[in-house]
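Visitor: I'd like to learn how to read a model like this one, feature by feature. Could you walk me through it?

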Amino acid sequence: MTWRLASHAATHAGAVRPRNEDALLDRPDLGLWAVADGAGGHGAGDVASAAIIAALQVIPPGLSAAELLAQVRLRLGAVHAELQEEAARRGPGRILASTVVVMLSRGEHFAMLWAGDSRGYLLRQGMLSRVTRDHSLVQELVDQGTLREEEAESHPQANVITRAVGAQGDLELDKVSGRIAAGDRFLLCTDGLFKTMAEAEITAMLAGGADAAAIVTEAVGRGARDNVSAVGVDCVA
């Protein structure tokens, strides 16, 4: 390989909310990055997102791709159970939950795992593609053909997620893997970003060389009503 991966990360409470319930992991030394968004309206979302990042943070270095993937799954599963137990202790109907999107890299390969509507994007040769697919009510409506993609973000139930770490039932993680190419720019982000800025605007900023801090600052400046977080991973010469 004649390239390396360089990363950058930023998070902000946004222009409206007093507390930031997002959490980030930026560990290029491990080949591991993550964004977690504490589920709004459930209470203690910051506890849930922080627990996810704390569990991933202590994964040891030097693991193979298969070992790293296994560790991520194992630790997310353990946090899922712990959050369910803590919610039960807090009383009936309580939920401590968080979305998560994780990126792993080894050699020329990457993988993303996720639950919820935090997203992973890839900018390659000027074209932005969404690597992940939201686990949300509006995405299900889009898939069924009863809602158009451009209507999804403004739908009154746009915040309803169908999977999360800590939610009821078993944890289900989707996974996508692929090869990394020179010049690739990956972006992990919470919904506070893509519900404030259109994907075309995100594309323009990434193509123009903007880092995570610049993108988050732009979203906050536009009046982001939710917490905004981003982790960028760039394949550079």
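Guide: Let's start with a charge and a ring: Arg119 lies over the face of Phe194, at 3.6 Å from the ring centre. A charge sits over a ring if NZ of Lys or CZ of Arg is within 6 Å of the ring centre and within 35 degrees of the ring normal. Before going on, note that this is a predicted model, where local features need pLDDT of at least 70 and side-chain atom pairs count only at pLDDT 80 or more, while totals for chains, interfaces and linings use all residues. Residues are numbered from 1 along each chain as its sequence is written, and side-chain values use heavy atoms, with hydrogens and water left out.

Visitor: Now the sheets. In what order do the strands β2, β3, β4, β5 and β8 lie?

Guide: Generally, strands of a sheet pair through backbone hydrogen bonds, either parallel or antiparallel. Here the order is β2-β3-β4-β5-β8, an open sheet with antiparallel pairing. Its edge strands, each pairing on one side only, are β2 (22-27) and β8 (174-179). From one strand to the next, the twist averages 10°. Strands are DSSP runs (E, at least two residues), as are helices (H or I, at least four), numbered from the N terminus; two strands pair if DSSP finds at least two bridges between them.

Visitor: How many bridges join β5 and β8?

Guide: Six, with β5 covering residues 109-115. For a place to look, find Ala111, which stands opposite Ser177 in β8.

Visitor: Which strands does helix α2 touch?

Guide: Helix α2 (residues 65-90) packs on the sheet and touches β3 (32-38), β4 (98-106), β5 and β8. Contact means heavy atoms within 4.5 Å. The direction of α2 makes about 170° with that of β4; axes are lines fitted to C-alpha atoms, for helices over the stretch in contact, with angles from 0 to 180 degrees between N-to-C directions.

Visitor: What is the strand order in the sheet that holds β1 and β7?

Guide: That open sheet has five strands, ordered β1-β10-β9-β6-β7, again with antiparallel pairing. Since β1 (4-12) and β7 (127-130) are at the edges with a single partner strand each, one side of each is left without a neighbour in the sheet. Neighbouring strands are turned by 20° against each other on average, direction ignored. Inside it, β6 (residues 119-124) and β9 (residues 185-189) pair over five bridges, and Leu123 stands opposite Arg185 in β9.

Visitor: Which helices lie across strands there?

Guide: Helix α6 (residues 199-207) lies across β6, β7 and β9, at about 55° to β6. Helix α7 (residues 212-221) crosses β1, β9 and β10 (228-236), at about 25° to β1.

Visitor: How many salt bridges are there?

Guide: The idea is that side chains of opposite charge can pair when their charged atoms come close. With a side-chain nitrogen of Lys or Arg within 4 Å of a carboxyl oxygen of Asp or Glu as the rule, the count is 19. One of them joins Asp226 and Arg17, with the closest N and O atoms 3.2 Å apart. That pair links the loop between α7 and β10 to the loop between β1 and β2, 209 residues apart.

Visitor: Is Asp226 buried or exposed?

Guide: Asp226 counts as buried because its relative accessibility is 15%. Arg17, at 37%, counts as partly exposed. The cut-offs are under 20% relative accessible area for buried, over 50% for exposed and partly exposed in between (1.4 Å probe, protein chains only).
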